[in-house]
Amino acid sequence: GVTMPIGIAVANWDSSWIVSEILAILLSDVMGHKVVKTGRPNGFGTLLAVTGCPAGFNNYSECEWPPTYHVALEIWEHQSHQPAFLSVLSEMGEEKAPANLGSVGFQGYEGLFVMQR
């Protein structure tokens, strides 16, 4: 096995920082694990981090195994990123690819609302 801290990849919005900080506190203060965090600009960047790929990667050969970051929370998937990420996953193979553990049960919606008079 490899000894390393538990890595948390954090997207660049408040709710991602909050849930990631809660996890980091639980892992470090409650369970006694060492924790490292990295900030990424978006959900796709956090997914790349847990696959061991650098931000702005060009091909799978740039990705490291084992990855430095292991957990990504609060990911808002964007359709334009999905084909690129699926391509990385297929190159990694099932043994090394990160697992999607599912939703926390909340689906978000985005909109602009104006009061009518």
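Q: Read along the sequence, what pattern does the chain follow?
A: A quick heads-up: this is a predicted model, where local features need pLDDT of at least 70, side-chain atom pairs count only at pLDDT 80 or more, and totals for chains, interfaces and linings use all residues. Residues are numbered from 1 along each chain as its sequence is written, and side-chain values use heavy atoms, with hydrogens and water left out. You'll find 3 helices and 3 strands in the chain; helices (H or I, at least four residues) and strands (E, at least two) are DSSP runs, numbered from the N terminus. Read along the sequence, the pattern is β-α-β-α-β-α.

Q: In what order do the 3 strands sit in the open sheet?
A: Two strands pair if DSSP finds at least two bridges between them. S1 (residues 6-11) pairs with S2 over 6 bridges, and 2 bridges join S1 to S3. Both of these pairings are parallel. S2 and S3 (71-72) are the edge strands, each pairing on one side only, and the order is S2-S1-S3.

Q: Which residue of S3 is the bridge partner of isoleucine 8?
A: Let's look at S1's partners on each side. Towards S2, glycine 7 is bridged to valine 36 and isoleucine 8 to lysine 37. In S3, the bridge partner of isoleucine 8 is valine 71.

Q: How many of the 6 residues of S1 are buried?
A: Buried means under 20% relative accessible area, exposed means over 50%, and partly exposed is in between (1.4 Å probe, protein chains only). In the chain of 117 residues, 26% are buried. S1 is mostly covered, and its count of buried residues is 5.

Q: What handedness does the β-α-β unit of S1, H1 and S2 have?
A: Picture the strands pointing away from you: a crossover is right-handed if the path from the first strand over the helix to the second runs clockwise. Here the helix is H1 (residues 14-30), and the second strand is S2 (residues 35-40). The unit that S1, H1 and S2 make is right-handed.

Q: Which residue meets lysine 37 in a salt bridge?
A: Side chains of opposite charge can pair when their charged atoms come close. A salt bridge is a side-chain nitrogen of Lys or Arg within 4 Å of a carboxyl oxygen of Asp or Glu, and by this rule the count comes to 1. The N to O distance is 2.3 Å, and the pair links distant parts of the chain, with lysine 37 in S2 and its partner in H1, 16 residues apart. That partner is glutamate 21.

Q: Is glutamate 21 buried, exposed or partly exposed?
A: Glutamate 21 sits in helix H1, and its C-alpha is 9.1 Å from that of isoleucine 8, 13 residues apart in sequence. Lysine 37 has 35% relative accessibility, so lysine 37 counts as partly exposed. With 34% relative accessibility, glutamate 21 also counts as partly exposed.

Q: Which residues does serine 28 touch, not counting residues up to four places away in sequence?
A: Serine 28 belongs to helix H1 and is partly exposed, at 27% relative accessible area. Its C-alpha is 9.3 Å from that of isoleucine 6, 22 residues apart along the chain. Contact means heavy atoms within 4.5 Å, and with those close places in sequence left out, serine 28 touches His33 and Val35.

Q: What accessible area does the nonpolar patch with Val30 have together?
A: Patches are made of residues with over 30% relative accessible area and no salt bridge, where like charges are joined within 9 Å and nonpolar side chains (Val, Leu, Ile, Met, Phe, Trp, Tyr) within 5 Å. Valine 30 has a relative accessible area of 63%, so valine 30 is exposed. The areas come from the Shrake-Rupley method with a 1.4 Å probe, and for residues only the protein chains shown count as cover. Ile18, Val19, Ile22, Leu26, Val30 and Met31 form the patch, with a joint area of about 570 Å².

Q: Which form, cis or trans, does the peptide bond from tryptophan 65 to proline 66 take?
A: Most peptide bonds are trans. Proline 66 is found in the loop between H2 (43-51) and S3. With omega near 0°, the bond from tryptophan 65 to proline 66 is cis.
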